[in-house]
Amino acid sequence: VTSVDNNTAGGIGLGERLFPPTSGFSFSSWVCVDRFSSTGAAKAHPIRLLTIVRNVLGSNEQIICLSIAIMPADRSLLVSTTERFLSQEKACGEFETPAKKGVDSYTKFTPNEITLEKRWRHLVFVFNRSGMMKHSSCSLYIDGNFVATNKLNYICPTVNAASNQTS
């Protein structure tokens with residue numbers, strides 16, 4: 001005789017899960033860059049590791065709410081929680097950072113380990129949502145070693161910031 005628990009299905013539960021999770025989440029990936037651009041690194045395309053896109057209810061618009069990329073110009077890792085319409089993304093592959101300094105919706109990591117070519121690296125980004133009195137943060141681990149923790153606004157649980165943008 002087999003019984004099935006009505007609250008679980010394959011260990012993931014029933015119904016929809018909230019995104020973003022209320023306490024935080026992590027993203028893990030293996031990355032290997034064969035060769036960084038040697039000519040015109042400033043014009044080189046970013047190496048996109050992750051882009052999370054959400055649909056806007058009641059419209060055909062899609063909003064990017066999280067982006068992680070390697071920037072070839074300075075070989076840094078850029079993490080952005082700036083909401084922007086997918087249709088506003090540059091067709092040529094540019095990856096924009098907010099114009100205002102001090103904006104906590106993006107952060108940059110510049111680890112030496114990412115500059116090495118033809119070497120597999122295990123990257124883990126840990127996104128921590130803090131309470132009202134503390135800043136949320138993003139921590140980076142490379143090959144299991146802690147690199148840094150930077151302030152970063154947590155992903156907004158509702159789609160609203162991009163709809164208020166003018167351009």
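Glu117 sits at 33% relative accessibility in this predicted model, so it counts as partly exposed. Its side chain meets that of Arg75 in a salt bridge, with 3.8 Å from N to O. Arg75 belongs to the loop between strand S3 (62-71) and S4, while Glu117 belongs to the loop between S6 and strand S7 (121-128), so the pair ties together parts that are 42 residues apart in sequence. Arg75 also counts as partly exposed, because its relative accessibility comes out at 26%. By the rule applied here, the model holds 5 salt bridges, and the Arg75 and Glu117 pair is one of them. The general idea is simple enough: side chains of opposite charge can pair when their charged atoms come close.

Another salt bridge joins Arg54 and Glu83, whose closest N and O atoms are 2.9 Å apart. This one, too, links distant parts of the chain: Arg54 is in strand S2 (residues 47-55) and Glu83 is in the loop between strand S4 (76-80) and S5, 29 residues apart. Both Arg54 and Glu83 are buried. Then there is Asp143 with Arg121, where the closest N and O atoms are 2.5 Å apart. Here the link runs from the loop between S8 and S9, home of Asp143, to strand S7, home of Arg121, with their positions 22 residues apart in the chain. The two ends of this pair fall into separate classes: Asp143 is partly exposed because its relative accessibility is 34%, whereas Arg121 has 9% and so counts as buried.

Back to Arg75, which has a second role. S3 and S4 form a hairpin with 4 residues between them, and Arg75 in that turn has a positive phi of about 55°. The two strands run antiparallel and are joined by 5 bridges; Ile70, for instance, stands opposite Leu77 in S4. S4 also pairs with S6, again in the antiparallel sense, over 4 bridges. Within that pairing, Val79 has Thr107 of S6 as its bridge partner.

How much of S4 is covered? Mostly covered is the verdict, with 5 of its 5 residues buried. In a regular strand the side chains alternate between the two faces of the sheet. For S4, both faces are covered: Ser76, Leu78 and Ser80 are buried on one side, and Leu77 and Val79 are buried on the other.

Leu77 and Val79 turn up again in the largest nonpolar core, which has 24 residues; together with Ile68, Ile70, Leu123, Phe125 and Phe127, they touch the most other members. S1, S2, S3, S4, S7 and S8 each supply at least two residues of this core, and the largest share, 4 residues, comes from S3. As a rule, in soluble globular proteins, nonpolar side chains tend to be buried together. Phe127 gives a feel for how these contacts spread along the chain: leaving aside neighbours within four places in sequence, Phe127 is in contact with Ser23, Gly24, Phe25, Leu66, Ile68, Val79, Ser137, Cys138, Leu152 and Tyr154.

On to the sheet that includes S7. It is an open sheet of 4 strands in the order S1-S7-S8-S9, with antiparallel pairing. Strand S1 (24-31) and strand S9 (145-151) are the edge strands, each pairing on one side only. Direction ignored, neighbouring strands of this sheet are turned by 15° against each other on average. Strand S8 (residues 137-142) and S9 pair in the antiparallel sense over 6 bridges, and Leu140 stands opposite Ala148 in S9.

Leu140 lies in strand S8 and counts as buried because its relative accessible area is 0%. Not counting residues up to four places away in sequence, Leu140 touches Leu77, Phe109, Pro111, Val124, Phe125, Asn145, Phe146, Val147 and Ala148. For Val124, the C-alpha to C-alpha separation from Leu140 is 5.8 Å, although the two are 16 residues apart along the chain.

Finally, a charged residue away from the pairs above. Asp104 lies in the loop between strand S5 (84-85) and strand S6 (106-109). Is Asp104 buried or exposed? Its relative accessibility is 19% and the cut-off for buried is under 20%, so Asp104 counts as buried. Leaving aside neighbours within four places in sequence, Asp104 is in contact with His135, Lys151, Leu152 and Asn153.

Notes
Residues are numbered from 1 along each chain as its sequence is written. This is a predicted model: local features need pLDDT of at least 70, side-chain atom pairs count only at pLDDT 80 or more; totals for chains, interfaces and linings use all residues. Side-chain values use heavy atoms; hydrogens and water are left out. Buried means under 20% relative accessible area, exposed over 50%, partly exposed in between (1.4 Å probe, protein chains only). Contact means heavy atoms within 4.5 Å. Two strands pair if DSSP finds at least two bridges between them. Axes are lines fitted to C-alpha atoms, for helices over the stretch in contact, and angles run from 0 to 180 degrees between N-to-C directions. A salt bridge is a side-chain nitrogen of Lys or Arg within 4 Å of a carboxyl oxygen of Asp or Glu. A nonpolar core is a set of buried Ala, Val, Leu, Ile, Met, Phe, Trp, Tyr and Cys residues joined through side-chain atoms within 4.5 Å.
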